[in-house]
Amino acid sequence: RCMKETQGKVWARGWRMTQLQAAKDLLKRAVELDSAQRYSEARICYEEGIHNLLRCMKETQSDTERNDLRTKVEGYLRRAETLKEMVKANEERSEKVHCIQIRAGDRGYGYETLFRDCLDDNVEWVELEDPYIRARHQVRNFVQFCELMVKRCKRLRQISLTTGTDSSPAGGDTQASSLRELELSLKEYGVQLVTVYSDTLHDREIRFSNGWIVKIGRGLDYFQRPAGQSTIGCYDFDLRPCHETTVEKYHKLNMTAKTHK
């Protein structure tokens, strides 16, 4: 019995240390995003880190440790609430222009059709946040998006991508090498590709320097898999059936970039 109790205490201590380290990593990332003025992502990281700290508090036997954790939770919680209000106020200052509900099986929503009203010669930079530019087909989707930007935005100088890391066996190497190849290709057109990897990214959003903001529920990966490599719609996305998703378009004045330029 004593051995079981000892093993239980060791397990509980190890569990608390794991949760505490996870909280530290999340909150460190939250502070970094906060400093970079990426408030929406920072708020999410704060909330997840706070959740882990609360779980540690519940299992902590020491009053001193519990009070220390409570103080940290209260401080981070105040900042998360402040950011929540800031994000809400910023969204209210943006005018929602369009809301498109794409149903499963719908066609006619290729990138050129969907982004047509956002693209002009005033676009100098584009920022895309999508946690799933990872698998081969998702990277190919991003390549098609970049091709459209180069073709339609004559003053384009930079495309910034924030995405997650492919954790599948050898997937990360394939993802990184594909994006590096794209980076070199874009340089031939005078466009710089900046790629940032974030495993805490949740939001899917595209920002154009001319003031347009596009939020797609599924990100760029909203097309169904083609029936075959020689079928209609395999390469022309306007002819490809879609998954169900929602597209929201906003426009705001004085657009500023989130990423360093």
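**Notes on the predicted model**

1. Glu47 comes out at 37% relative accessibility, so this residue counts as partly exposed. That is a handy place to start, as Glu47 has a partner to look at. Please keep in mind throughout that the model is predicted.

2. The partner is Arg43, whose side chain meets that of Glu47 in a salt bridge at 3.0 Å, N to O. Both residues sit in helix α2 (residues 39–59), 4 residues apart, which is about one turn of the helix. Is Arg43 buried or exposed? With a relative accessible area of 19%, Arg43 is buried. The cut-off matters here: buried means under 20%, so the 19% of Arg43 falls on the buried side. The pair therefore joins a buried Arg43 to a partly exposed Glu47. As background, side chains of opposite charge can pair when their charged atoms come close.

3. Now to the overall plan. The chain contains 6 helices and 7 strands. Read from the N terminus, the order is α-α-α-β-α-β-α-β-α-β-β-β-β. In other words, the run opens with three helices and ends with four strands. Of the 261 residues, 39% count as buried. The accessible surface amounts to about 15100 Å², and carbon and sulfur atoms hold 49% of that area.

4. How much of the contact set joins residues at least 24 apart? Taking contacts between residues at least 6 apart in sequence, the share is 76%. Two threonines, taken up in points 7 and 8, give local examples of residues that are distant along the chain and in contact or close to one another in the model.

5. The structure holds 15 salt bridges, and two further pairs within helices are worth a look. Asp63 and Arg66 meet through their side chains at 2.7 Å, N to O. They belong to helix α3 (residues 63–93), and because they are 3 residues apart there, about one helical turn separates them. Arg66 is partly exposed, at 21% relative accessible area. In helix α6, Arg180 bridges to Glu183, with the closest N and O atoms 3.0 Å apart. This pair is also spaced by 3 residues, about one turn of the helix. Arg180 counts as partly exposed at 42% relative accessibility.

6. Which residues are linked in a network of salt bridges? The members are Glu127, Glu129, Glu205, Arg207 and Lys215. Two of these, Glu129 and Glu205, also help line the largest cavity. That cavity has a volume of about 30 Å³, and the structure holds 1 cavity of 30 Å³ or more. Its lining consists of Leu128, Glu129, Asp130, Arg204, Glu205, Ile206, Val214, Ile216 and Gly219. Strands β2 (125–129), β5 (205–208) and β6 (212–216) each supply at least two of the lining residues. By class there are 4 nonpolar, 1 polar and 4 charged residues, so you may want to view the cavity and the network together.

7. Thr246 connects with this part of the chain. It is found in strand β7 (residues 245–251) and is partly exposed, with a relative accessible area of 26%. Leaving aside residues up to four places away in sequence, Thr246 touches Cys99, Ile100, Gln101, Lys215, Ile216 and Gly217. Among these, Lys215 belongs to the salt-bridge network and Ile216 to the cavity lining. The C-alpha atoms of Thr246 and Gly217 are separated by 5.4 Å, although the two residues are 29 residues apart along the chain.

8. Thr165 lies in a loop, namely that between β3 (158–163) and α6 (171–187). At 31% relative accessibility, this residue counts as partly exposed. Which residues does Thr165 touch, not counting residues up to four places away in sequence? They are Arg134, Gln175, Tyr197 and Asp199. Tyr132 is 33 residues apart from Thr165 along the chain, and their C-alpha atoms are separated by 8.3 Å.

9. Last, an open site. The second largest pocket has a volume of about 430 Å³. Its lining is made up of 17 residues, and those nearest the centre are His137, Arg140, Pro226, Cys234 and Arg240. By class, the lining divides into 6 nonpolar, 6 polar and 5 charged residues.

Methods:
Residues are numbered from 1 along each chain as its sequence is written. This is a predicted model: local features need pLDDT of at least 70, side-chain atom pairs count only at pLDDT 80 or more; totals for chains, interfaces and linings use all residues. Side-chain values use heavy atoms; hydrogens and water are left out. Buried means under 20% relative accessible area, exposed over 50%, partly exposed in between (1.4 Å probe, protein chains only). Contact means heavy atoms within 4.5 Å. Accessible areas come from the Shrake-Rupley method with a 1.4 Å probe; for residues, only the protein chains shown count as cover. On a 1 Å grid over the protein atoms alone, a cavity is a set of points where a 1.4 Å probe fits but cannot get out, and a pocket is an open set with protein on both sides within 12 Å along at least five of seven lines; lining residues have an atom within 4 Å of a point. Grid points are joined across faces, edges and corners, and a volume is the space filled by probe spheres set on the points. Ala, Val, Leu, Ile, Met, Phe, Trp, Tyr, Cys and Pro count as nonpolar, Asp, Glu, Lys and Arg as charged, and the others, Gly among them, as polar. A salt bridge is a side-chain nitrogen of Lys or Arg within 4 Å of a carboxyl oxygen of Asp or Glu.
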